[in-house]
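This report covers two buried side chains and one helix pair. The sequence and structure are shown first.

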Amino acid sequence: MTFSIVARQGNALGVAVASKFLSVGALVPAAEVGVGALASQAWANVAYRPQGLAMLRSGVGPAGVLAALLAADEGRAHRQLGVVGADGAAVTYTGEECLPWAGGLAGDGYAVQGNILAGPEVVRDMESVWLASAELPFADRLVAALAAGDAAGGDARGRQSAALYVVDPGRGVGGWGDTAYDLRVDDHADPVGELRRLLAVHEVLHGVSDPAALLPLEGELAAEVRELLGRLGYDSLDRWAGVENLEGRLAEGRIDPVVLAHLRTAAGA
């Protein structure tokens, strides 16, 4: 009742997943920088996540991890699993008792899998979009692949939840930690669409400014910014940005176009 993509791009590792199931992000994805990522689904064995990461951490490759997890699990026929190592090696597994349509595809740096799907086109379209979108940032690429599966019919039972989990060295919020994205839509009529919206909000609040795009805060632009802040009851850009969680995009004597757009919208300009 779930479809997912597990992948690596550069040093980043992540999982995007959707399902007709409450809070799929709490159960399916796992990833660790320099180690690997995996998605455990169908009649999910949640122990696969810590056990799989532990084996990857010890140097066992994805194929070996898959073999070991299945060998120790009497319920293996009901499981589905995708594993990608830090080197891009990838495997996917679908137990013979998973409800149809169920299956997966794997290649260099990715594994796509799903069960109780509208049909094989769900995973085929996810793979196609993944392979055709290498120019996108990793998180956008994962969500684009997930959206392709959703558009192809996704979970045959309907829609409920979706999640994105990405680890990238030092790319946590504010530069703290490695968790670059941990976004969850737990119960929504259009969970993949909502996940895309949250990803866009995340980019506004936590994305990194492009130094070449920063605008000099002087002349008419400086006057406009002061006027807009006044409308909102603030006497400085710093104070307003702190309230809006945009302080990470502030630059001395300049303004990020993303911040400017957000300010104009807030002030009704």
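## Buried polar contacts and a helix pair

Gln-80 counts as buried because its relative accessibility is 0% (buried means under 20% relative accessible area, with a 1.4 Å probe and protein chains only). The model is predicted, so local features need pLDDT of at least 70 and side-chain atom pairs count only at pLDDT 80 or more, while totals for chains, interfaces and linings use all residues. Residues are numbered from 1 along each chain as its sequence is written, and side-chain values use heavy atoms, with hydrogens and water left out.

Gln-80 is placed in strand S5 (residues 79-85), and Tyr-48 in helix H1 (residues 48-57). Helices (H or I, at least four residues) and strands (E, at least two) are DSSP runs, numbered from the N terminus. Tyr-48 also counts as buried, at 1% relative accessibility. The side chains of both residues have N or O atoms within 3.5 Å of a partner:

| Side chain | Partner | Distance |
|---|---|---|
| Gln-80 | Gly-103 backbone oxygen | 3.5 Å |
| Gln-80 | Gly-114 backbone oxygen | 2.9 Å |
| Tyr-48 | Asp-73 side chain | 2.6 Å |

Tyr-48 further touches Leu-38, Arg-79 and Leu-81, among others (contact means heavy atoms within 4.5 Å).

Helix H4 (residues 138-151) packs against helix H5 (residues 191-206) at about 165°, with the axes 10 Å apart. H4 and H5 are therefore roughly antiparallel (angles over 145 degrees). On the H4 side the contact includes Ala-139, Val-143 and Leu-146, and on the H5 side Val-192, Leu-195 and Arg-196.

Definitions and conventions
Buried < 20%, exposed > 50% of the residue type's maximum accessible area, 1.4 Å probe, protein only. Polar contact = N/O pair within 3.5 Å; in protein donor to acceptor, adjacent residues only side chain to side chain. Axes fitted to C-alpha atoms, helices over the stretch in contact; angles between N-to-C directions. Parallel < 35°, antiparallel > 145°, perpendicular 65-115°, else oblique. Lists of a residue's contacts leave out its neighbours within four places in sequence.
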